[in-house]
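Got the model open in your viewer? Here's a short walk through it, one selection at a time.

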Amino acid sequence: MTNAFTWLFLAALAAATAARIWLGQRQIRHVRAHRGAVPATFAQAIPLPAHQKAADYTVAKTHLGMLDVLIGAALTLLLTLGGLIQWISDLWGRWPEPGSILHGAALLLTVFFVQGAIGLPTTLYRTFVVEERFGFNRMTLKLFLADLVKQTLVGLVLGVPLLIVVLWLMGRAGELWWLYVWLVWVAYSLLMMMIYPAFILPLFNKFTPVEEGELRARIAALLERTGFKSSGLYVMDGSKRSSHGNAFFTGFGAAKRIVLFDTLVSRLQPPEVEAVLAHELGHYKLHHIAKGMVLTAGVSFAILFVLGQLIDKPWFYQGLGVTTPGNAAALALFFLVLPEFLFFLHPLTSLYSRKREFEADKYATSHASAGELVRALVKLYQDNAATLTPDPLHSAFYDSHPPAATRIDRLRTL
Ligand SMILES: [Zn+2]
């Protein structure tokens, strides 16, 4: 059974998939074409072999990303027009009772499970072949499996109650169910932000307070200068899984913790860590985090409103291969096909994010040294084998951070 909506969906899926592959190919071509020489901005700091390693790493990751795109598109087709969602719904046909909350939860959990299982081989390949080949992987198969089990359990414990509440509201709350679901969703997101650092992260990593010494003193002085209140400064054992480094905050209000990856602390000098942290503080002080939350809440309001309009339209289900409409099937279909319809908005979110990065850099240079931030970023680009020569269009589409050369050139003028 097909209708006009089927063709609209197929057109969106085809356009988004083709664009993803085309952008990937552009990226590979561009990176390969610039493999032979380090860009002028980095000529003093990054040796040619490191630049070439970054090019090869980027090409390998992009190839794998393109494979993921094709697998994802095939799975989306299989779940919808291929009838897999309908088949799963029928599979849970006798028990739990069709139309019940339990039936809906069983259907959605099965869809999640299928998606997870299909994505597993490429995740394994990414970790144990690509990351391994370029020397980034620190994960053992045992740790990978332990993580997988823990993540699944945490996901079930945190996700199933939400799923039940949402399905209950959809069934019982009348016309405006989507508004109540939105309120629940916003409250749930805030709750997660509170419990994530205190209860979830420690299941996966160890946190140790930063030792007394130059780094601690510098960070204390930086916090004093910027008037930032934090409930603790920790180093996280990120090196357990990967040698990529990072710094971030968790929590909010008075319970904000600053977390530095051990890989960052071991590779950067204290003044460089200070500059990186000043950048992160900039995101906080310029309200990027709060603005991001408000924006996400606004977007989810719009998305749930649209779902509220679609949910009782037979053409929505028929057009996507489902013959027995229901709330759970609607959720599964909607969130499966939505990314295909929204794909071409991606450059907007990336642009917004890159603007925030420039602002945080500017903040960092007024509270710490611009030169140290440049040195830190160059080290991180090299250590992470980040490409210095991305395809401009690929970068405009996807990159949350400005291209390396643009960012460094701008920092040097500050
Ligand atoms: Zn940033």
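## First stop: Val181

Start by selecting Val181, which counts as buried because its relative accessibility is 6%. Bear in mind as you go that this is a predicted model. Val181 sits in helix H6, which covers residues 177-204. Now show what surrounds this side chain: leaving out residues up to four places away in sequence, Val181 touches Val166, Leu169, Met170 and Leu304. Pick Val166 from that group and draw a C-alpha to C-alpha distance to Val181: you should get 5.9 Å, for two residues that are 15 apart in sequence.

## The zinc ion

Next, click on the zinc ion. Which protein atoms are its donors? They are NE2 of His279, NE2 of His283 and, listed twice, an OE atom of Glu357, at 2.0 to 2.8 Å from the metal. Written as a sequence pattern, the donor residues follow H-x3-H-x73-E.

Try the angle tool here. The 4 donor atoms subtend angles of 51 to 136° around the zinc ion, so the arrangement is irregular. To be called tetrahedral, four donors would need all their angles between 85 and 135 degrees.

Now colour helix H9, residues 270-285. His279 and His283 are both in this helix, and because they are 4 residues apart, about one helical turn separates them. Are these two histidines buried or exposed? His279 is buried, with 4% relative accessibility, and His283 is buried too, at 11%.

## Along H9 to H7

Keep H9 on screen and add helix H7, residues 214-226. The two axes come within 10 Å and cross at roughly 30°. H7 is therefore roughly parallel to H9, and the crossing is right-handed.

To see who meets whom, show side chains on both helices. On the H7 side, look for residues including Leu215, Arg218, Ile219, Leu222 and Leu223. Their counterparts in H9 include Val273, Glu274, Leu277, Ala278 and Leu281.

Then step off the end of H9 to His287, in the loop between H9 and helix H10 (288-310). Check the backbone here: His287 has a positive phi of about 60°, although it is not a glycine.

## Three helices: H1, H2 and H4

Hide what you have and bring up helix H2 (residues 48-79) together with H4. Their axes are 11 Å apart and the packing angle is about 170°, so H2 and H4 are roughly antiparallel. Among the H2 residues making the contact are Tyr57, Ala60, Leu64, Leu67, Asp68 and Ile71, and among those of H4 are Val111, Val114, Ile118, Thr122 and Tyr125.

Zoom in on Thr122, which belongs to H4 (residues 101-133). Thr122 counts as buried because its relative accessibility is 8%. Apart from residues up to four places away in sequence, Thr122 touches Leu64, Leu67, Asp68 and Ile71.

Now add helix H1, residues 4-33. The axes of H1 and H2 come within 9 Å and cross at roughly 170°, so this pair is roughly antiparallel as well. From H1, the contact residues include Phe9, Leu10, Leu13, Ile21, Ile28 and Val31; from H2, they include Val59, His63, Met66, Val69 and Leu70.

## Last stop: the loop between H14 and H15

Finish by selecting Ala385 and Ala386. Ala385 is in the loop between H14 and H15, and so is Ala386, with H14 running over 370-383 and H15 over 392-398.

What is the phi of Ala385? Phi is near 50°, a positive value in a residue other than glycine. Ala385 is buried, since its relative accessible area is 2%. Ala386, on the other hand, counts as partly exposed because its relative accessibility is 27%.

Show the contacts of Ala386: setting aside residues up to four places away in sequence, Ala386 touches Ala54 and Tyr381. For a final distance, connect the C-alpha atoms of Ala386 and Met193. These residues are 193 apart along the chain, and the two atoms are separated by 29 Å.

Technical notes:
Residues are numbered from 1 along each chain as its sequence is written. This is a predicted model: local features need pLDDT of at least 70, side-chain atom pairs count only at pLDDT 80 or more; totals for chains, interfaces and linings use all residues. Side-chain values use heavy atoms; hydrogens and water are left out. Donors are N, O and S atoms within 2.8 Å of the metal (3.2 Å for Na, K and Ca); water is not among the atoms, so sites may look incomplete. Four donors count as tetrahedral if all angles lie between 85 and 135 degrees; four count as square planar and six as octahedral if opposite donors are over 155 degrees apart and all others between 65 and 115; anything else is irregular. Helices (H or I, at least four residues) and strands (E, at least two) are DSSP runs, numbered from the N terminus. Buried means under 20% relative accessible area, exposed over 50%, partly exposed in between (1.4 Å probe, protein chains only). Axes are lines fitted to C-alpha atoms, for helices over the stretch in contact, and angles run from 0 to 180 degrees between N-to-C directions. Angles under 35 degrees count as roughly parallel, over 145 as roughly antiparallel, 65 to 115 as roughly perpendicular and the rest as oblique. A crossing is left-handed if the near helix is turned anticlockwise from the far one by less than a right angle, and right-handed if clockwise. Contact means heavy atoms within 4.5 Å.
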